[in-house]
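Take a moment to look over the model below. We'll begin with one residue and then step back to take in the whole chain.

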Amino acid sequence: NSGINSIFTKLTVYDVSGKTIAHLINSELVPGEYETDFNASGLASGIYFYELNAGGLKLTNKMVLVK
């Protein structure tokens, strides 16, 4: 054990109406840098939002999908 505690982390994508499109991460992770794939092939071009929840942090940001 390195002494680093894991943190429950969720990364979710929503459409403009607030409907959940994808749960990209939903697990315990140790602090660090991560990458995840998001397959948007079935989605229309437009504005989407992603929300990252990790410990006490909640970050929501906009992304634009252009096809």
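Let's start at Tyr-50, which sits in strand 3, the stretch covering residues 46-54. Keep in mind that what you're looking at is a predicted model. Is Tyr-50 buried, exposed or partly exposed? Its relative accessibility is 26%, and since buried means under 20% and exposed means over 50%, Tyr-50 counts as partly exposed.

So who keeps Tyr-50 company? Setting aside neighbours within four places in sequence, Tyr-50 touches Leu-11, Thr-12 and Val-13, and also Leu-59, Thr-60, Asn-61, Lys-62 and Met-63. Another residue to find is Gly-18: it is 32 residues away from Tyr-50 along the chain, and the two C-alpha atoms are 10 Å apart.

Now zoom out. The chain has 4 strands and 0 helices, so if you read along the sequence you get the pattern β-β-β-β. Of the contacts between residues at least 6 apart in sequence, 41% link residues at least 24 apart.

What about the overall shape? The C-alpha trace spans about 45 × 20 × 15 Å along its principal axes. The radius of gyration is 14 Å, whereas a compact globule of 67 residues would be near 11 Å.

Finally, the surface. Of the 67 residues, 21% count as buried. The accessible surface comes to about 5000 Å², and carbon and sulfur atoms account for 52% of that. As for charge, there are 5 positive and 6 negative side chains, with the centres of the two sets 12 Å apart.

How values were computed: Residues numbered from 1 in each chain as written. Predicted model: local features only at pLDDT ≥ 70, side-chain atom pairs only at ≥ 80, totals over all residues. Heavy atoms only, no water. Helix = DSSP H or I, 4+ residues; strand = E, 2+ residues; numbered from the N terminus. Rg over C-alpha atoms; globule rule 2.2 N^0.38 Å. Buried < 20%, exposed > 50% of the residue type's maximum accessible area, 1.4 Å probe, protein only. Contact = heavy atoms within 4.5 Å. Areas by Shrake-Rupley, 256 points an atom, 1.4 Å probe, with all protein chains shown as cover. Lys, Arg positive; Asp, Glu negative; His and termini not counted. Charge placed at Lys NZ, Arg CZ, Asp CG, Glu CD.
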